[in-house]
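Morning, everyone, and thanks for coming. I'd like to walk you through one structure today, so let me put it up on the screen.

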Amino acid sequence: MNVLRNVGVVSTSIDSEHPVGRELGSVAKAPKPFLVKDILLSVRSNQIPGCVASINIYRIEGKEESFVNVLHQPIYFNVPISNEPQFFDIQPDESLLLEPGRYFIAFQVVGYDRQGPQTREMTMDFNVYLKSSYLRENVLGEMKPFPVNIGMAVKGLEYQ
């Protein structure tokens, strides 16, 4: 559920203290084999020049939140600078079949134009959604609970 549509935002920023690499995502369960077709995401505004983002999907193993390698190559996409909302329908280049289990599906800023002007306003904003998520400061780092999420949705086909 999207809340505080015109007021509440989740922001990520690029600066010396928080360079690229931070991941924000949710845990999802696939009770049956699931073929990922689309990953939907909206960005409220972006002020990071030359921004390249990725969607990463990790399989969760065991009771402790331990992860195996990324299931596939990250799905990269560009996020243009804009003060207006942008909607992304991201489709994997290859067939991506999730076997039954639990998965961490995360958004990450992986690069930006380092030659451009570096300002304090290098931020990306998302609408707030009422579902908890997890934040990691770097890939395969410790997952910390986060009270809201950015509303990423995964669509596909569930096999019987």
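The protein chain has 15 strands and zero helices. Please keep in mind that this is a predicted model.

Let's take the chain as a whole. There are 160 residues in the protein chain, and 43% of them count as buried. On the outside, the chain exposes about 9200 Å², with carbon and sulfur atoms supplying 52% of that area. Now for the contacts. If you take those between residues at least 6 apart in sequence, 80% join residues at least 24 apart.

On to the charged pairs. Side chains of opposite charge can pair when their charged atoms come close. How many salt bridges does a search of the whole structure find? The search finds two, and I'd like to show you both.

Here is one of them. R22 and E137 meet through their side chains in a salt bridge, at 3.7 Å from N to O. R22 lies in the loop between strand 2 (9–13) and strand 3 (23–30), and E137 lies in the loop between strand 13 (133–136) and strand 14 (144–146), so this pair ties together parts that are 115 residues apart in sequence. Are these two buried or exposed? R22 has a relative accessible area of 16%, so R22 is buried under the 20% cut-off. E137, at 41%, is partly exposed.

Then look at E23 and R136. These residues also form a salt bridge, and their closest N and O atoms are 2.8 Å apart. E23 sits in strand 3 and R136 in strand 13, so here the pair ties together parts that are 113 residues apart in sequence. And the burial? E23 is buried, with a relative accessible area of 0%. R136 is buried as well, at 0%.

Let me finish with one more arginine, R114. Where is R114 placed? You'll find R114 in the loop between strand 11 (101–111) and strand 12 (123–129). R114 has a relative accessible area of 52%, so this residue counts as exposed, the cut-off being over 50%. If you'd like to find R114 on the screen, try starting from C51: the two residues are 63 apart along the chain, and their C-alpha atoms are separated by 9.9 Å.

So, to take home: 15 strands, zero helices, and two salt bridges. Thanks for listening, and I'm happy to turn the model around for anyone who wants another look.

Conventions. Residues are numbered from 1 along each chain as its sequence is written. This is a predicted model: local features need pLDDT of at least 70, side-chain atom pairs count only at pLDDT 80 or more; totals for chains, interfaces and linings use all residues. Side-chain values use heavy atoms; hydrogens and water are left out. Helices (H or I, at least four residues) and strands (E, at least two) are DSSP runs, numbered from the N terminus. Buried means under 20% relative accessible area, exposed over 50%, partly exposed in between (1.4 Å probe, protein chains only). Contact means heavy atoms within 4.5 Å. Accessible areas come from the Shrake-Rupley method with a 1.4 Å probe; for residues, only the protein chains shown count as cover. A salt bridge is a side-chain nitrogen of Lys or Arg within 4 Å of a carboxyl oxygen of Asp or Glu.
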